[in-house]
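Dear colleague,

Please find the structure below, together with a short account of the ligand and its surroundings.

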Amino acid sequence: MAFVPAGPDAAWWKYAVIYQVYPRSFQDSNGDGVGDLRGVVQRLDYLADLGVDALWLSPFYRSPMRDFGYDVRDHVSIDPLFGDMADFRDLVRGCRDRGLRLIVDFIPNHVSDEHLWFRESRSSRTNPRRDWFVWRDPGEDGGPPNNWRSEFGGPAWTFDETRGQYYYHAFLSSQPDLNWRNPDVVEAMGNVMRFWLDRGVDGFRVDAIHHLIEHAEAPDNPHNPAWREGMDPADRLIKLHTVDQPEAHAAVAAMRAVLASYPGERVLIGEAYLPIDRLVTYYGAAGEGFDLPFNFHLMSTPWTPTAIAVLIATYERSLPDHGWPNWVLSNHDRSRLASRIGLAQTRVAAMLLLTLRGTPTLYQGDELGMADVAIPVDRVRDPLELNVPGLGLGRDPARTPMLWSDAPFAGFSTVEPWLPLSPNHAALNVARQSDQEGSLLSFYRALLALRRAEPALLDGDYVEVAVTEQVLAYERRALGQRLLIVLNLTAKPTATVVQAGVVLLATHDRVQGERLEGEVMLAPHQGILMRLR
Ligand code: NOJ
């Protein structure tokens with residue numbers, strides 16, 4: 001059982017480890033090559049044994065799947081590909097039985113163009129839902145109203161013949177943006193949240209919150225002088241008027257109010273790719289915002305002790321008094337951890353993620369050391385790669401199926417999966433690593449167990465101890481306990497000096513109970529977690 005400090009402030013999500021399940025690629029239970037809810041239910045024991053506390057489930061709602069579920073056609077039904085409401089009930093029950101919390105995706109920025117709301121809105125300029133989306137007249141030349149660009153390539157405006165107007169879409173043209181200035185939209189989306197809260201979810205991961213509202217006058221975005229050929233075309237412009245607009249905060253507060261109207265502690269997590277000073281404003285000035293505005297900065301910060309130490313210090317300093325920190329190492333939209341920093345360094349990364357102050361989020365397969373999988377051109381599925389090919393933006397490589405066993409198709413499915421399997425599934429799969437002392441999976445299990453058991457890791461202060469060319473060292477302190485974490489972020493050995501203490505866990509080459517004091521040699525890619533005397 002996890003340590004949870006007593007008192008009114010004791011929110012489970014502060015002390016939880018969140019595990020992201022991308023359901024298409026977790027477990028296929030019906031032999032169609034795509035994962036589903038029943039598959040997730042079948043694997044709940046794995047998650048409970050791993051030692052995580054909450055699952056965040058990427059979308060499973062009815063959808064034409066142009067953006068693999070992030071294009072919702074009906075918010076309150078389950079896509080038949082993933083199962084049905086009975087499966088969802090089983091999932092909720094299965095989580096409860098194992099003490100796991102269930103967080104679902106909530107996608108407020110846009111819907112599918114097949115959603116009833118959009119079909120009505122585009123049907124005429126007099127339809128009651130005419131203002132549910134972001135419509136504008138053509139520009140003077142008859143073209144789009146301004147220069148805004150889609151995140152997924154091309155203009156962010158698509159012309160609709162019937163209305164004779166353009167609609168705005170931050171992502172695909174088949175993902176029209178909802179108009180959050182319209183109170184009916186706020187109410188309708190609140191009802192979506194209520195629907196899932198009534199069915200027992202413990203919270204939401206809110207998609208693309210920085211995109212929620214655009215400038216009301218729709219001025220052109222300025223050109224980005226740093227953009228060069230070969231970079232993401234969406235970055236040609238500075239997204240001054242299309243992301244992080246002040247009005248988004250009221251919309252988040254409205255979501256928060258829905259959660260607050262339910263008993264018990266529920267969590268609201270926001271997906272926002274923003275600089276730290278902007279990100280922290282999403283806690284809300286008085287805590288009326290997100291519990292956890294996702295902190296993605298470990299995914300983009302250079303993997304060096306100095307850069308990471310500066311990141312941690314800047315983030316810690318920037319948090320408002322009511323802001324609880326959180327850290328993310330990877331997700332379904334970014335290159336895999338093992339591909340970014342190398343497999344040998346992933347244990348150090350895990351030790352960092354799980355010993356920093358705040359709530360960590362793991363992405364499925366990272367605990368196995370899964371790397372990006374090269375996707376042959378004829379198997380590319382991601383619309384981003386299809387629209388903007390060849391720049392390395394595609395997300396399929398990070399979305400390949402979980403590797404469960406030596407069975408055909410790695411135990412993920414009984415048929416060829418929707419994306420190719422990792423070529424090293426035989427070495428990495430769960431069954432193989434579970435039996436292996438010293439495997440990455442065993443290391444994750446040990447680390448997660450230690451985190452649960454140590455108040456200093458759950459709730460302690462963060463104190464930087466040393467930053468060198470190779471080493472990052474810090475303490476976590478609580479209730480008179482001092483834990484020291486020493487990480488060699490490089491492939492070379494190095495010496496470091498530590499105060500007297502005993503090893504609780506190491507990535508490799510040191511055993512629990514070993515006493516250390518003074519100069520200590522760190523092996524390449526070695527991390528050590530010690531209790532100081
Ligand atoms: C963020 C999601 O994580 C990503 O997968 C999706 O494509 C975009 N939002 C658009 O919904």
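How far is an oxygen atom of the ligand from an N or O atom in the side chain of Asp67? The distance is 2.6 Å, which falls under the definition of a polar contact (a pair of N or O atoms within 3.5 Å).

This is a predicted model, in which local features need pLDDT of at least 70 and side-chain atom pairs pLDDT 80 or more, while totals for chains, interfaces and linings use all residues. Residues are numbered from 1 along each chain as its sequence is written, and side-chain values use heavy atoms, without hydrogens or water.

Two further side chains approach ligand oxygen atoms: a polar atom of His110 lies at 2.9 Å, and an N or O atom of Arg395 lies at 2.9 Å. The ligand taken alone exposes 290 Å², of which the protein buries 98% (Shrake-Rupley method, 1.4 Å probe).

Around the ligand there are 13 residues (a heavy atom within 4 Å). Asp67, Asp207, His332, Asp333 and Arg395 come nearest. By class, this shell holds three nonpolar, three polar and seven charged residues (Asp, Glu, Lys and Arg count as charged; Ala, Val, Leu, Ile, Met, Phe, Trp, Tyr, Cys and Pro as nonpolar; the others, Gly among them, as polar).

The largest pocket contains about 1,000 Å³ of space (the volume filled by probe spheres set on grid points joined across faces, edges and corners). A pocket is an open set of points on a 1 Å grid over the protein atoms alone, where a 1.4 Å probe fits, with protein on both sides within 12 Å along at least five of seven lines; lining residues have an atom within 4 Å of a point. Of its 39 lining residues, Glu151, Asp232, Lys239, Tyr273 and Arg334 are closest to the centre.

Kind regards

Note on methods. Polar contact = N/O pair within 3.5 Å; in protein donor to acceptor, adjacent residues only side chain to side chain.
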